[in-house]
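Reader: I spend my days at the bench and seldom read models. Could you walk me through this one, feature by feature?

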Amino acid sequence: MAAPALKDLPKVAENLKSQLESFNTDKLKNANTQEKIILPTAEDVAAEKNQKSLFEGIESFNPSKLKHTETQEKNPLPDKEAIEMEKEKNNLIAGIENFDAKKLKHTETCEKNPLPTKEAIEEEKRA
């Protein structure tokens, strides 16, 4: 690979260029780098081999070995009675929800709860 031509390199601003040229590398701290290469465990390797064998089985599968089947869809529709019951229920709910209370007549409530007479109380005490 050849080095790029000078005209192809990006231009650097003058103030940045002067800072880069006057930079003292002695001010940098020394750092040790450590490369960490984590090797897969035996379980990972076994799982990958198992997965690979599954993929190979799928790729080498011959669909001509399959038998033709007829699919039977079992979606029983409700009978007429169930439909009528559901319609009645929906109509009842709609009637309750859309009820207009303004159509009601005004009524006076009269509570009738007769208390027993003294004679009846005395008679029950004796009995």
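Author: Let us go from the overall fold down to single residues. Please keep in mind that this is a predicted model.

Reader: Happy to. Which secondary structure elements does the protein have, and how many?

Author: A good start is to count helices and strands. Here there are four helices and zero strands, and along the sequence the pattern reads α-α-α-α.

Reader: How do I read the radius of gyration of the protein?

Author: Set the value beside the one for a compact globule with that number of residues. For 127 residues such a globule would be near 14 Å, while the protein has 47 Å. The C-alpha trace gives another view, spanning about 125 × 65 × 45 Å along its principal axes. For a pair of residues, take Lys 17 and Pro 78: they are 61 residues apart in sequence, and their C-alpha atoms are 84 Å apart in space.

Reader: What percentage of the residues count as buried?

Author: Buried means under 20% relative accessible area. In this protein, 0% of the 127 residues count as buried. The accessible surface comes to about 14,600 Å², and 55% of that belongs to carbon and sulfur atoms.

Reader: Could we try this on single residues? Is Leu 16 exposed or partly exposed?

Author: Use the cut-offs: over 50% is exposed, and partly exposed lies between that and buried. Leu 16, in helix H1 (residues 14-21), counts as partly exposed because its relative accessibility is 41%. Lys 17 also lies in helix H1 and is partly exposed too, as its relative accessible area is 39%.

Reader: Which residues form a nonpolar patch on the surface?

Author: Leu 16 does so together with Val 12 and Leu 20, and the three have about 270 Å² of accessible area together.

Reader: And charge? Where does negative charge gather on the surface?

Author: Look for like charges grouped on the surface. Glu 119, Glu 122, Glu 123 and Glu 124 gather in such a negative patch. Of these, Glu 123 lies in helix H4 (residues 118-126), and it is exposed because its relative accessible area is 57%.

Reader: How far apart are the mean positions of the positive and negative charges?

Author: For the 21 positive and 25 negative charges of the protein, the mean positions are 4 Å apart.

Notes
Residues are numbered from 1 along each chain as its sequence is written. This is a predicted model: local features need pLDDT of at least 70, side-chain atom pairs count only at pLDDT 80 or more; totals for chains, interfaces and linings use all residues. Side-chain values use heavy atoms; hydrogens and water are left out. Patches are made of residues with over 30% relative accessible area and no salt bridge: like charges are joined within 9 Å, nonpolar side chains (Val, Leu, Ile, Met, Phe, Trp, Tyr) within 5 Å. Accessible areas come from the Shrake-Rupley method with a 1.4 Å probe; for residues, only the protein chains shown count as cover. A salt bridge is a side-chain nitrogen of Lys or Arg within 4 Å of a carboxyl oxygen of Asp or Glu. Helices (H or I, at least four residues) and strands (E, at least two) are DSSP runs, numbered from the N terminus. Buried means under 20% relative accessible area, exposed over 50%, partly exposed in between (1.4 Å probe, protein chains only). The radius of gyration is taken over C-alpha atoms; the globule rule is 2.2 Å times the number of residues to the power 0.38. Lys and Arg count as positive and Asp and Glu as negative; His and the chain ends are not counted. The place of a charge is taken as NZ of Lys, CZ of Arg, CG of Asp or CD of Glu.
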